[in-house]
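Biologist: I'm new to this one. Can you pull it up and walk me through it?
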Amino acid sequence: ADVPADAIVLCNGKDLSEWQSANGQPAKWKLEDGAMTVAKGAGAIKTKKSFADCQLHVEWRSPAQVKGQGQGRGNSGIFLMGLYELQVLDSYKNRTYSNGQAGSIYKQLPPLVNASRMPGEWQTYDIIFTAPTFNKDSSVKSQARITVIHNGVVVQNNATIWGATQYIGIATNQQHNPKEPIMLQDHGDAVSFRNIWIREL
Ligand code: MG
């Protein structure tokens, strides 16, 4: 579908002008065929702009050539506010822990269903995200919430996010800015992204 008139285009496939490295250096991901691809070792990239409540459209593709298994296959991630990971993984006939597959909020919320396409095919995430809010004493006032539609199928339905993504341990909420950049993960796999746009809500 066309990009909505009021959307900010974050990836037009022609440049990385909306992105920088997580450490603030220029983004070093590969740009080819209208997509940007993880350059192994280049590290995560994040948007120059910061966002809170939003509608976010992302198209992504795991490598056509299957290597590895479980979490080692087509792994990347979309970190809303740089903290809350919507997992990107090649979950086509690829078993892993349920809250680590594509469409999961990593280590917190499994997707309602596995809607994955085959490796090498473009897939879509349509995300509706509500940022958490905090009280003056920095305690959480309202937790983050997320709806995710994966390839046209609802996989997260206004689900409550526990807190910032943790690899091990229970996620907790920690105060951060009202708006934060969106980050894309370098997990060492050549995952590609294209046609990313966002509408602030
Ligand atoms: Mg990941």
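Modeller: We'll go through the core, the metal site and a surface patch. Keep in mind that this is a predicted model.

Biologist: Core first. Which residues touch the most other members of the largest nonpolar core?
Modeller: Leu56, Ile78, Tyr125, Phe129, Phe193 and Ile196 do, in a core of 42 residues.

Biologist: Which strands each supply at least two residues of this core?
Modeller: Eight ranges to look at here. They are β1 (8-11), β6 (54-61), β7 (76-80), β8 (84-88), β9 (123-130), β12 (145-150), β13 (153-160) and β15 (192-200).

Biologist: And which one gives the most?
Modeller: β6, with four residues.

Biologist: Back to Phe129. What does Phe129 touch, leaving out residues up to four places away in sequence?
Modeller: Its contacts include Ala52, Asp53, Cys54, Leu80, Met81 and Tyr84. Ala144, Arg145, Ile146 and Ile161 are on the list too.

Biologist: New topic, the metal. Which protein donors does the magnesium ion have?
Modeller: Asn75 (OD1), Ser76 (O), Glu85 (OE), Gln87 (OE1) and Gln185 (OE1). They lie 2.2 to 2.4 Å from the ion.

Biologist: How are the donor residues spaced in sequence?
Modeller: The pattern is N-S-x8-E-x1-Q-x97-Q.

Biologist: Are Ser76 and Glu85 buried or exposed?
Modeller: Both are buried.

Biologist: Now the outside. Which residues make the nonpolar surface patch?
Modeller: Leu112, Val113, Val153 and Val154 make a patch of about 320 Å².

Biologist: Where does Val154 lie?
Modeller: In strand β13.

Biologist: Why is Val154 called partly exposed?
Modeller: Because its relative accessible area is 39%, and partly exposed runs between 20% and 50%.

Conventions:
Residues numbered from 1 in each chain as written. Predicted model: local features only at pLDDT ≥ 70, side-chain atom pairs only at ≥ 80, totals over all residues. Heavy atoms only, no water. Core = buried A, V, L, I, M, F, W, Y, C linked by side-chain atoms within 4.5 Å. Buried < 20%, exposed > 50% of the residue type's maximum accessible area, 1.4 Å probe, protein only. Contact = heavy atoms within 4.5 Å. Donors = N, O, S within 2.8 Å, 3.2 Å for Na, K, Ca; no water. Patch = residues over 30% accessible without salt bridge, like charges linked within 9 Å, V, L, I, M, F, W, Y side chains within 5 Å. Areas by Shrake-Rupley, 256 points an atom, 1.4 Å probe, with all protein chains shown as cover. Salt bridge = Lys/Arg side-chain N within 4 Å of Asp/Glu carboxyl O.
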